[in-house]
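User: Please take a close look at one part of this chain for me, beginning with where the prediction is shaky. Then work outwards from there and tell me how the rest hangs together.

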Amino acid sequence: MKVVIVESPAKAKTINRYLGDGYHVLASYGHIRDLPPKDGSVRPDENFAMDWEVASNSQKHLKEIVDALKGADGLILATDPDREGEAISWHVLDELQRRNVLNGTSVERVTFNAITKNAVLEAMSHPRELDQELVDAYLARRALDYLVGFTLSPVLWRKLPGSKSAGRVQSVALRMICERELEIEKFQAEEYWTVGANMTTSTADKFSARLTHLDEKKLEKFDLNDAAKAERAASAVRSGQFTVTSVEKKSKQRRPYAPFTTSTLQQDASRRLYFSARQTMDIAQKLYEGFEIDGETVGLITYMRTDGVQIAGEAITAVRELIGTRYGAKYLPDSPREYKSKAKNAQEAHEAIRPTDPRRTPDSVARYLSADQLKLYDLIWKRTIASQMEAAIMDQVAVIMSTPDKHTQLRANGSTIVFKGFLEAYEDTAPTGTSDDTPDEDGAGNILPPMSEGQNVGVGDVKPEQHFTQPPPRFSEASLVKALEEKGIGRPSTYASIIQVLQDRQYVSVDSRRFTPQDRGRVVTAFLESFFLRYVEYNFTADLENQLDEISGGRLDWKKVLSDFWHDFAAAIDGTKDLTRTVVIDAVDALLEPHLFPKREDGSNPRACPACADGRIGLKFGRFGSFIGCSNYPECRYTRPLGAAEPGEGEVLDGPKELGKDPETGLMVTLRQGPYGPYVQLGGEEVLPAPEPEPAADGKPKKKAAKKKGPKPKRASLPKGTSPADVDLEKGLKLLSLPREVGMHPDLGEMILAGIGRFGPYLKVGPTYYSLKEDDVLEVGLNRAVTVIAEGKKGPGRGGGSAKTLGDHPDDKKPVTVRSGRFGPYVQHGQLRATLPRDMDKDTVNLEEAVAILAAKAAKGPGKPKAKAKTKAKPKAKAKKKTKTKAKAKAKSKAKTKTAVGDKETLSDTPET
């Protein structure tokens, strides 16, 4: 019996079927161990020694492997064929050796690019040893990420309260998003005009043309920059007599795209299917691991983490045969097409992403896949087929028309597809985010009537049209992934997790599928640019990525790379120890000035405090983050959140504003200004009188008792965009009533709540939150709430995921739903919830399976409460004393790392433990 190790249980189940008797296939469930998340896990002073720790949830899986190896004939490591897969195999082997489990058992490494029977059996017949160079590259990458994260992040915590973390690639991606936003903010729109004319041939055929030359001079983009110039040009066209002076015809070929890599798959799935990078990779993983088709589990696509664009010879043969059969011989080139990657640091180790069998058309597998799985498979299948098809051929026509004196010239363009070629299988889509709205100069899709030189044409309606240049678009997931890859930053397989971290840390938000940097992210970026510029530079990060690739190729020593990096990085970290809070604030404030305090059209000072006569507003740091405050604090208490609009007339709150009394409680409702925005408050912080001190036995009065504060008053933030001037008693009471009940969801049978949380307005049904961006949280009704929930606009950082109804429960006809939670997917019926087994996909689970899982959970009953430990009175007292001592020590330690400044609490430079 040989033991085979793979990553996932689904993969293990499939390969076990392929190999049959004589093999026992087990899953490691990904990495079995990692660096402990604490200081000292990587020790540069000990030649970069690294401590590894088996994860608690991996102990069970590791024990199964250890037990299976007792009496086994050999160990076969069959994890994924990339650097990460090699690392998982190395971790398993290293941990088994450390535990003295192998005892001379032979160890082999096999890799396959597709989970099909032929691919797996072929791999088993060609085993190899572990690739130590790939392992070294993994160790270097992991050590670098640890050293940057665990060394730089504490600096952020100390110097920038409210900051979450920094990362080697994460911070560079964030800088890219922030720089694009700054470009947009600095952008000055420029006006320009074009002149179009409706023309007619002698046979009454109509077509459109545009003005290109005026006064014998070619018009540049901004030559017509106002209405007067545009009207003069239009008059010249109206009064002109035009003759065709030139007819240019040419054919243009458009060659097909290469098959998908990880990066291009993420880009196209985002652009065409509106999938996030993480969603794309999750679905691709499932397509790779496979489905049961005609009684056999088979992977539908090849390995999805790859930079290669080449595909295997037998796959090319199968694709060409399908093209000839399905589309015809004219769509098949004389010879196969070959592709080479253009990426800076591409690894050509494995194939592009393609169907394992091109004959499995999307239609033939549709019944086995969910809707999203089918969409992605269809995209991969079509891209692969199109990559081996003939080029598309287009006829382009350009007609030049001039006045007899050549002073005025018009041009008409037309373009038609003569032969669709690869577009028959893979229709192209225009890239999103064009920089301006200039007319299409190729005339795509515009068919011109037949014309010849010397032919007279008539002028019809002439229309000058105003345009304005547009700022560069914000990054979408597709364009960000493309930019990161073009600059050689990070690895495409990590982009999905990096993008998710930026959102989870609230460094960026996503609106209309575009990234907008949040002020927290901009502050972090400004700090890094001020004090760690080298480590967020694009070329430095790309060069480091190239060095990691050199390590994997055996051309660089991994510890030498780490040593060179750490020498300079540690010095940069040490250089921040003496940085004062004032120096940091001044540096970040200066970099963010164009964003926080943009120039005003009237020329007035944007930093003048709106609440006092001579104050200067600037960036301030508080306990929970950054805000704008006045230099005259504490005399002037004006504050506003970062990114909030400047207050208008009557909007500055200099102290609490009374709105009126709550009719139910009789308490005063006030409108107040906090460091993170305006809010309404019910009542005030009343101080209860302390009891008089009783005299002690010696007649001396005891120490005066401390005053006790009453209960904290209820507060509610104003929704984003709401002016304090618009808030009256009625609106204040509505805000204080949140969260409110909207109504019962007609399908889920649960109450829908509407409220305002840390991420803004939301709807909540069961455990699931949904962002409410376009609707008023105080007015949204049941019908609209159900629509928002159906559209699945799930809020950031909120567990639950959107619910999918599987059907009605056979007992009470109430809906059974499947959802995503903090600890994985689960099914729910009423208040009963049950987690799905690890090997069950939430996209394919059906009603019958869900009912069975819920029944099993119901049979177990509620969990047993933990029994209270029985202790004697005396030991209990000791334990209590010990607890008090610990609490006192903890408070003392905490006091050392925190310093009170006025009414704010700020972190000192002392590292936290």
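Analyst: Let's start with residues 430-440, where pLDDT stays under 50. The model, which is a predicted one, gives this stretch 16 contacts beyond four places in sequence. I'd read those contacts with the low pLDDT of residues 430-440 in mind. There's another stretch of this kind at residues 864-913, again with pLDDT under 50 throughout, and the model has 35 contacts beyond four places in sequence for it. Strand β38 (residues 904-907) has the lowest mean pLDDT among the elements of the chain, at 29. At the other end of the scale sits strand β9 (residues 191-200), with the highest mean, 95. For the chain as a whole, pLDDT averages 81, and 85% of the residues score at least 70.

Now for the hairpin that comes before 430-440 in the numbering. Strands β15 and β16 form it, with 5 residues between them. β15 covers 392-402 and β16 covers 408-419. The two run antiparallel and are joined by 10 bridges; one point to look at is Ile400, whose bridge partner in β16 is Arg411. In the turn you'll find Lys406, with a positive phi of about 65°, in a residue that isn't glycine. Is Lys406 buried or exposed? Neither, quite: its relative accessible area is 46%, so Lys406 counts as partly exposed.

β16 has a further partner in β10, and this pairing is antiparallel too, over 4 bridges. Here Leu214 bridges to Thr408 in β16. Just past Leu214 comes Asp215, in the loop between β10 (206-214) and β11 (217-218). Asp215 is also a residue other than glycine with a positive phi, near 55°. Its relative accessible area is 43%, so Asp215 is partly exposed. So β16 takes part in both pairings, with β15 and with β10, and there's a positive-phi residue in the β15-β16 turn and another in the loop after β10.

What about the interior? The largest nonpolar core holds 135 residues, and the members touching the most others are Leu287, Ile301, Leu376 and Phe527. Helix α5 (residues 132-159) supplies the largest share of that core, 13 residues. Leu376 is a good place to zoom in: leaving out neighbours within four places in sequence, it contacts Leu265, Ala269, Leu273, Phe275, Thr280, Ile283, Ala284 and Leu287. Leu287, one of those contacts, is itself among the core residues that touch the most other members. A separate core of 26 residues lies apart from this one, with Ala716, Leu718, Val727 and Leu748 among its members.

Ala716 leads us to a small piece of sheet later in the chain. Four strands make an open sheet in the order β23-β24-β25-β28, with antiparallel pairing. Its edges are β23 (657-661) and β28 (714-717), each of which pairs on one side only. From one strand to the next, the twist averages 25°. β23 and β24 (residues 668-674) run antiparallel and are held together by 4 bridges, with Gly660 standing opposite Val669 in β24. As a reminder, strands of a sheet pair through backbone hydrogen bonds, whether parallel or antiparallel.

Two proline bonds in the later half deserve a click as well. Tyr633 and Pro634 are joined by a cis peptide bond, with omega about 10°. Pro634 sits in the loop between β21 (625-630) and β22 (639-641). The bond from Leu738 to Pro739 is cis too, with omega near -5°, and Pro739 falls in the loop between α20 (729-736) and β29 (740-744).

Stepping back, the chain has 23 helices and 38 strands. Of its 913 residues, 45% count as buried. Among contacts with a separation of 6 or more, 66% link residues 24 or more positions apart. The accessible surface comes to about 47,800 Å², and carbon and sulfur atoms own 50% of it. Just remember that residues 430-440 and 864-913 have pLDDT under 50.

Key. Residues are numbered from 1 along each chain as its sequence is written. This is a predicted model: local features need pLDDT of at least 70, side-chain atom pairs count only at pLDDT 80 or more; totals for chains, interfaces and linings use all residues. Side-chain values use heavy atoms; hydrogens and water are left out. Buried means under 20% relative accessible area, exposed over 50%, partly exposed in between (1.4 Å probe, protein chains only). Contact means heavy atoms within 4.5 Å. Accessible areas come from the Shrake-Rupley method with a 1.4 Å probe; for residues, only the protein chains shown count as cover. Two strands pair if DSSP finds at least two bridges between them. Axes are lines fitted to C-alpha atoms, for helices over the stretch in contact, and angles run from 0 to 180 degrees between N-to-C directions. A nonpolar core is a set of buried Ala, Val, Leu, Ile, Met, Phe, Trp, Tyr and Cys residues joined through side-chain atoms within 4.5 Å. pLDDT is the predictor's confidence in each residue, from 0 to 100.
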